[in-house]
Amino acid sequence: MAKSSNNIFDENYDAILKNISRAAKKSGRDCEDIILLAATKTVDVEVINHAIESGIKYIGENRVQEFLSKYEDYLPVNRHFIGHLQTNKVKDIIDKVSLIHSVDSYRLAEEISKQAVKRNISVDVLIEINIGDEQSKSGFTYDEAIDAVTKICKLEGIRVKGLMAIPPICNEPQQNRPYFAKMKKLFIDIASQKIDNSSMDILSMGMSDDYEIAIEEGATMVRLGTALFGRRNYNI
Ligand SMILES: *Cc1c(COP(=O)(O)O)cnc(C)c1O
């Protein structure tokens, strides 16, 4: 079982690196400019460690319980939290991850700040933008984004490193291109404001079906699960 999962990863990984490279060139960059984060929900630690041994340097989990049950067994790797984070769970992960992608409310940011101050640490975060204005998704709207970054940057113990988005689910990946382009514009707009205590370094967007398009439009980090590990049973 683990062996075949590892084989699936190996085949996928090679192809993905080539695709990333091609998409990066189209946007005037190199593959080194793009961070590939493996989204490892439901993936066994054994397979995750094989991925790390093969070159994966960033992994992202999106459920607190699952993350806590796995992280001590990972080989050395950058651990990110990418899922919706409930405020009462912040304390459980805050000192165990190097980046939280999913700051989707001011209340969550305040709790991260509170817990960071308590531990005398600084926490790197991305601000999640609900770029498709979807009722079902959390995150700040496009119009709220600058204000949100400005307010959240003022909180002690938080460093805003960029933006994250999950565009609407669609049948044809090209349909998301305008959302990715809009995110890139927002990213540049916010960077140009030079807001204290923020840096627009990371634009985290693009998943298995649309990462090449996201990179073409300016993503600096893509989060891939299915494309790397094969299809699994989960709900985002
Ligand atoms: C699961 C997940 C991904 C990866 O999704 P795939 O379509 O399997 O590549 C990316 N981002 C988040 C927040 C996720 O939960």
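Why does Asn197 count as partly exposed? Its relative accessibility is 41%, so Asn197 falls into that class, because buried means under 20% relative accessible area, exposed over 50%, and partly exposed in between (1.4 Å probe, protein chains only).

A word on the model before the views. This is a predicted model, in which local features need pLDDT of at least 70 and side-chain atom pairs count only at pLDDT 80 or more, while totals for chains, interfaces and linings use all residues. Residues are numbered from 1 along each chain as its sequence is written, and side-chain values use heavy atoms, with hydrogens and water left out.

**View 1. The whole protein, with its 9 helices and 8 strands.**
Helices (H or I, at least four residues) and strands (E, at least two) are DSSP runs, numbered from the N terminus. The radius of gyration is 17 Å, which agrees with the value near 18 Å for a compact globule of 236 residues; that radius is taken over C-alpha atoms, and the globule rule is 2.2 Å times the number of residues to the power 0.38. Along the principal axes, the C-alpha atoms fill a box of roughly 45 × 40 × 30 Å. Of the 236 residues, 53% are buried. Take the contacts (heavy atoms within 4.5 Å) with a separation of 6 or more: 61% of them are between residues 24 or more positions apart.

**View 2. The rings of Phe9 and Tyr13 in helix α1.**
Rings of Phe, Tyr and Trp (its six-membered ring) pair if their centres lie within 6.5 Å; planes under 30 degrees apart count as stacked, over 60 as edge-to-face and the rest as tilted. By this rule there are 3 aromatic pairs. In one of them, Phe9 and Tyr13 are stacked, at 5.0 Å centre to centre with 25 degrees between the planes. Both sit in helix α1 (residues 2-26), 4 residues apart, or about one turn of the helix. Phe9 is buried at 0% relative accessibility, and Tyr13 is buried too, at 10%. Ring pairs also bring in Phe229, giving a cluster of Phe9, Tyr13 and Phe229.

**View 3. The stacked rings of Phe67 and Tyr71.**
Here the ring centres are 5.1 Å apart, with 20 degrees between the planes. Phe67 has 0% relative accessibility, so Phe67 counts as buried. Tyr71 is buried as well, with a relative accessible area of 15%.

**View 4. Lys70 and its contacts.**
Look for this lysine in helix α3 (residues 64-70). Charged or not, Lys70 counts as buried, because its relative accessible area is 7%. Setting aside neighbours within four places in sequence, Lys70 touches Thr40, Lys41, Thr42, Val43, Val45, Ile48 and Glu61.

**View 5. Leu75, in the loop between α3 and β3 (78-81).**
Leu75 is partly exposed, at 32% relative accessibility. Beyond neighbours within four places in sequence, its contacts are Asn49, Ile52 and Glu53. Ile48 is 27 residues away from Leu75 along the chain, and their C-alpha atoms are separated by 8.6 Å.

**View 6. Positive phi at Thr42 and at Asn197.**
Thr42 has a phi near 65 degrees, a positive value in a residue other than glycine. You'll find Thr42 in the loop between β1 (35-39) and α2 (45-54), partly exposed at 33% relative accessibility. Phi of Asn197 is also near 65 degrees. The place to look for Asn197 is the loop between α7 (177-192) and β7 (198-204).
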